[in-house]
Amino acid sequence: MAHEPLTQADVLLEGFLALDTPEGFRAELIEGEIVVTPPPDGDHEDYINRVVKQVIRRSRTDMDFSGNKGLKLTSGGACPKNHAIPDGTFAPTERRLFRGAAPWMPCEGVALVVEVTSSKPQADREAKRRCYAHGGIPLYLLIDRDASSVTLFSDPKGDDYREHCTRPFGKTVALPEPFGFDLETAEFL
């Protein structure tokens, strides 16, 4: 029986999905490159914790949170057949997106993804931003530890976001609906 030849992208994706990463490490396929990262440090987790607490307490829409949830991103453009694992993913509770979701779930219905820069900050600043925009995720919050700033990307179109607002740590960042509150970053200092 004849089989269609596998493309290089197919082989890369199959290899990626079959990876057995060391305990605590995580692997992502971003723009055709396999990226393996070590477990996050305490400061990384503290930033995520500060965001989660504020969203749960202050958001106008009840939100569910998943840390390190595998997302399948739509193929094409700058993100052919990619999978990403945001540090945090928020979705309206009424959608119950995480219940029964596969390890790699589609990103439809996700309201916001959060990344905190770590050992490969350029991936968070560029590659992941383009992938999340291409996937149609409405909001991307980047906590950039090197720059001591928070950037909210919004209004995705194609492979990028058309709007962004960067504030230094200590200033607030307005999270639009469905969140509808100002995210405090003073505790990031």
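Start by selecting Tyr140: its relative accessible area is 0%, so Tyr140 is buried. Keep in mind as you explore that this is a predicted model.

**Stop 1: Tyr140 and its aromatic company**

Now add Tyr132 to your selection. Tyr132 also counts as buried, because its relative accessibility is 0%. Show both side chains and look at the rings. How far apart are the ring centres of Tyr132 and Tyr140, and at what angle are their planes? The centres are 5.1 Å apart and the planes are at 75°, so this pair is edge-to-face. An angle over 60 degrees is what earns that name.

Next, select Phe153 and Tyr161. Their ring centres are 6.0 Å apart with the planes at 40°, so this pair is described as tilted. Phe153 has a relative accessible area of 9% and is therefore buried. Tyr161 is buried as well, because its value is 8%. Show the four residues together: Tyr132, Tyr140, Phe153 and Tyr161 form one aromatic cluster.

**Stop 2: helix α3**

Tyr132 is one of the buried residues of helix α3, so let us look at that helix because its length can be checked with simple arithmetic. Select residues 121-134. At 1.5 Å a residue, these 14 residues should span 20 Å, and the end C-alpha atoms are 19 Å apart, which agrees.

Is the helix straight or kinked at Lys128? There is a kink of about 35° centred on Lys128. Lys128 counts as buried, because its relative accessibility is 2%. Other buried residues of α3 include Pro121, Ala123, Asp124, Ala127, Arg129, Cys131 and Ala133. Step just past the end of the helix and you reach Gly136, which takes a positive phi of about 80°.

**Stop 3: the β10 and β11 hairpin**

From Lys128, draw a distance line to Asp160: the C-alpha atoms are separated by 9.8 Å, although the two residues are 32 apart along the chain. Asp160 belongs to strand β11, so this is a good place to colour the hairpin. Select residues 149-157 for strand β10 and residues 160-168 for strand β11. The two strands pair in the antiparallel sense over eight bridges.

Zoom in on the turn. Lys157 stands opposite Asp160, and two residues lie between the strands. One residue of this hairpin, Gly158, takes a positive phi near 65°.

Move back into β10 and pick Asp155, which lies in that strand. Asp155 has a positive phi of about 60° although it is not a glycine. Its relative accessible area is 32%, so Asp155 is partly exposed.

**Stop 4: the largest nonpolar core**

Select Val51, Phe90, Leu112, Val114, Leu141, Ile143 and Phe179. These are the residues with the most contacts inside the largest nonpolar core, which has 23 residues. Which elements give two or more residues to this core? They are α2 (42-58), β8 (112-116), β9 (139-144), β10, β12 (173-175) and β13 (181-183). The largest share, five residues, comes from α2.

Centre the view on Val51. Leaving aside neighbours within four places in sequence, Val51 is in contact with Phe90, Val114, Leu141, Ile143, Leu183 and Phe188. Apart from this core lies another one, of 18 residues. Among its members are Met105, Cys107, Cys131 and Tyr140, which brings you back to the residue where the tour began.

**Stop 5: two loops**

Go to the loop between β12 and β13, where you will find Pro178. The peptide bond from Glu177 to Pro178 is cis, with omega near 15°.

Then select Asn68, in the loop between β3 (63-67) and β4 (70-72). Asn68 has a positive phi of about 60° although it is not a glycine. With a relative accessible area of 44%, Asn68 is partly exposed.

**Last stop: the whole chain**

Zoom out to show everything. The chain has three helices and 13 strands. Of its 189 residues, 43% count as buried. Among contacts with a separation of 6 or more, 55% are between residues 24 or more positions apart.

Terms used
Residues numbered from 1 in each chain as written. Predicted model: local features only at pLDDT ≥ 70, side-chain atom pairs only at ≥ 80, totals over all residues. Heavy atoms only, no water. Helix = DSSP H or I, 4+ residues; strand = E, 2+ residues; numbered from the N terminus. Expected span 1.5 Å × (residues − 1). Bend = angle between axes of the 7 residues up to and from the residue. Buried < 20%, exposed > 50% of the residue type's maximum accessible area, 1.4 Å probe, protein only. Pairing = 2+ DSSP bridges. Core = buried A, V, L, I, M, F, W, Y, C linked by side-chain atoms within 4.5 Å. Contact = heavy atoms within 4.5 Å. Phe/Tyr/Trp six-rings, centres within 6.5 Å; stacked < 30°, edge-to-face > 60°.
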